[in-house]
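Student: I should like to learn how the terms used for a protein structure are justified. May we take them one at a time?

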Amino acid sequence: MSVVFRLPDLGEGMAEAEIVHWLVQPGERVRRDQPLAEVQTDKALVELPSPAAGRIAELAAQEGEVVPVGATLVTIEAEDEEDKQEAVQDTESDAENTHSALFQAPPADALRVSTEGQAIPANQVLATPAVRHLARELGVDLTTVPPSGPHGRITEEDVRQAAAKTAVSSPQRAPELASSSAEERIPLRGLRREIAAHVTQAAFTAPHVTLFGEAEVTHLVALRDRLYPRLQEEGIGLTYLPFVVKAVVAGLHAFPMLNASLDDAGQEIVLHPFYHIGIATATPEGLLVPVLRDADRKSLHELAKEIQELAQRARERRCTPEELRGSTFTVTNYGAFGGSFGTPILNFPNSAILGIGRIDEKPWVRDHQLVVAPVLPFSLSFDHRLIDGETAQRFLNRLFALLSDPDQLLLEMN
Amino acid sequence: MQIVVYNDIEQRSPQAQLNLDEQLLQAAAKGDVGPTWRLWQDGQALVVTRKETHLPHFHSASVSLHRQGWPVVVRRSGGSTLPHTAEMLQLSLILPRGLIVVERIAQLYAWLAAPLVGLLETYGIQVGFGEVKGAFCDGSYNLVASGHKIAGTAQRWIGGLAGVPSRQGAVLAHATLFVKGQMRAPTQAVNTFYALAGGQPHYEERAVTTMETMLQKEVQMEEVRQKLLSILERGDLVDAYGNL
């Protein structure tokens, strides 16, 4: 049986690596875990150990060649029955952890359980949970998918190909436009690739609904103007964001479904007992979402300081991994760049995200009088599987009330 | 997790220093050495990777550079040619993956950078990761201050794949911090090496900086070393990056 060894994803969303040095030659016998090659990405030289004992049948790339993740590197004629089995098992467990198909044996005809066009019973389909999940996301019936994995197993690629064939939503190559020599193609890698995967998962997993609204914030503007010089003395630039976070926490306390997530596998709604607010932050490389932990237990002063520090660290890519995970609700402030309304995509698995726009002076009716007042626009996207429109609107109403009358907000604070 | 801090003050040649990192890495893979920080310095040398040894005129270039006071030594981590001088501080982190879960290249760079970021902050120098056009041994995980490379980093993984937590092994991450002096001569030496060896000499002095240049005042090597040592021994920065 042949074991095909493919380039795994070695780094944070890496797209490719360079084959620096082959440590074996075709025809050579190798032990399991014997280093086969050294590859380089991000200045890390990484040994690739053999997944199986056997004889090297083919080296599929030259030294110095840059190969994409998932490309075949080596084909090994496995000799040890145990290794053959382990290689297959590794494929399953590692693919779960890294989304990389590491060791895929070409399908032996005798092992195929389906051929194109022939449907088989669902309970006979061989696929990992991750592949089944993807199939559900893309609306693909696994019983109609021809497998290409070992032992007739359906792979992620099989599902994606099937989805593309049936015109169901799936990542597709951009349509060919009139070609131009001025066209530039930028490899999707690093943080951009992580963002792409994250928003795709959110967009195709959670049915989004977005509500819009505006709050008149004359008193909030006055309060912020009064407090600003005090915090400025400490080097803290007080924005409206800490006030919004305080109001959000009060709203989440009243409407806990917006501080929840859906455990799809367990079919359970998880209500979070803490208030960790993700703050979407633009960085030169793309969007990062550092997390304000336990926002309910912090004063305005503490929130302002921490938001400033987190944003700064995020922009410099100095946030710790811990600071970038675990949010229960997210706020995105495109108002800082002049925007008013948006349709934010959920920071999955959060059930809701609040977009805030720029405060602008607008005509506003107050006590039957038309006045010019500062107005703060909101956009709230939520996961309709968990939250109904009524709940979401009531949450927004609570936010409007608290930010229009910050005295109420002060009463809500711990 | 206790990490041994090895304040290595022994004088060795640059090649012997690199060999020691390699020996510690191999020992860690066998389980003979636990997690270790090693702080060290060496003399003037051009430290190339094995990729550079394949350049068409590598050997003659090495002889020529040696005559000019820049012996060429080979390291086994990634990247490309990096100059070492006595005005730079070297920091190595060796981790056996059997004891510590290290899955990602970025994660290891974050751990390596944490004490250096802390050190530079005590001098008021803010740094982040990033590429710097024109810098030698450039990469996404340079430490960058005001757009200039102030420290270079690289890694080597043995006995187990990055990206695959189920396979153990050991990892080495090392950094070179540019502390004192000017970067003109080191940059010129790298360009000369590539010109003679048949590579592309295109590095610019202004892409790289030192602590002294950033601070516009003299910095004492021993003081910097002691500050970094105390940060390593305190250990809290590493905890913040992953609870080692």
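Tutor: Let us begin with a definition: axes are lines fitted to C-alpha atoms, and angles run from 0 to 180 degrees between N-to-C directions. Please note that this is a predicted model.

Student: What makes helix 6 of chain A oblique to helix 7 of chain A?

Tutor: The axes of helix 6 (residues 241-254) and helix 7 (residues 300-315) of chain A come within 9 Å and cross at roughly 120°. Angles of 65 to 115 degrees count as roughly perpendicular and those over 145 as roughly antiparallel. The angle here belongs to neither class, and therefore helix 6 of chain A is called oblique to helix 7 of chain A. The crossing of these two helices is right-handed.

Student: Which residues of helix 6 of chain A meet helix 7 of chain A?

Tutor: Leu241(A), Pro242(A), Phe243(A), Val245(A) and Lys246(A) do so, and their partners in helix 7 of chain A are Leu300(A), Leu303(A), Ala304(A) and Ile307(A). By class, this contact has 8 nonpolar residues, no polar ones and 1 charged residue.

Student: Why is Thr330(A) called buried?

Tutor: Buried means under 20% relative accessible area. Thr330(A) has 1% relative accessibility, so this residue counts as buried. Thr330(A) lies in strand 16 (residues 329-333) of chain A.

Student: How do you know that the side chain of Thr330(A) makes a polar contact with the side chain of Asn350(A)?

Tutor: The distance given for this pair is 2.8 Å, and a polar contact requires N or O atoms within 3.5 Å, one able to donate a hydrogen and the other to accept it. The contact between Thr330(A) and Asn350(A) is accordingly listed as polar. Beyond four places in sequence, Thr330(A) is also in contact with other residues, including Gly278(A), Val289(A) and Leu354(A).

Student: Cys137(B) and Ser146(B) both have a positive phi. Is each of them buried or exposed?

Tutor: Cys137(B), in the loop between strand 7 (128-130) and strand 8 (142-145) of chain B, has phi near 45°. Its relative accessibility is 2%, so Cys137(B) counts as buried. Ser146(B), in the loop between strand 8 and strand 9 (148-158) of chain B, has phi of about 50°. Exposed means over 50% relative accessible area; Ser146(B) has 59% and is therefore exposed.

Student: How many residues of each chain count as buried, as a percentage?

Tutor: Buried residues make up 47% of the 414 residues in chain A, and 60% of the 244 residues of chain B.

Key:
Residues are numbered from 1 along each chain as its sequence is written. Chains are lettered from A and ligands numbered from 1 in the order in which they are written. This is a predicted model: local features need pLDDT of at least 70, side-chain atom pairs count only at pLDDT 80 or more; totals for chains, interfaces and linings use all residues. Side-chain values use heavy atoms; hydrogens and water are left out. Helices (H or I, at least four residues) and strands (E, at least two) are DSSP runs, numbered from the N terminus. Angles under 35 degrees count as roughly parallel, over 145 as roughly antiparallel, 65 to 115 as roughly perpendicular and the rest as oblique. A crossing is left-handed if the near helix is turned anticlockwise from the far one by less than a right angle, and right-handed if clockwise. Contact means heavy atoms within 4.5 Å. Ala, Val, Leu, Ile, Met, Phe, Trp, Tyr, Cys and Pro count as nonpolar, Asp, Glu, Lys and Arg as charged, and the others, Gly among them, as polar. Buried means under 20% relative accessible area, exposed over 50%, partly exposed in between (1.4 Å probe, protein chains only).
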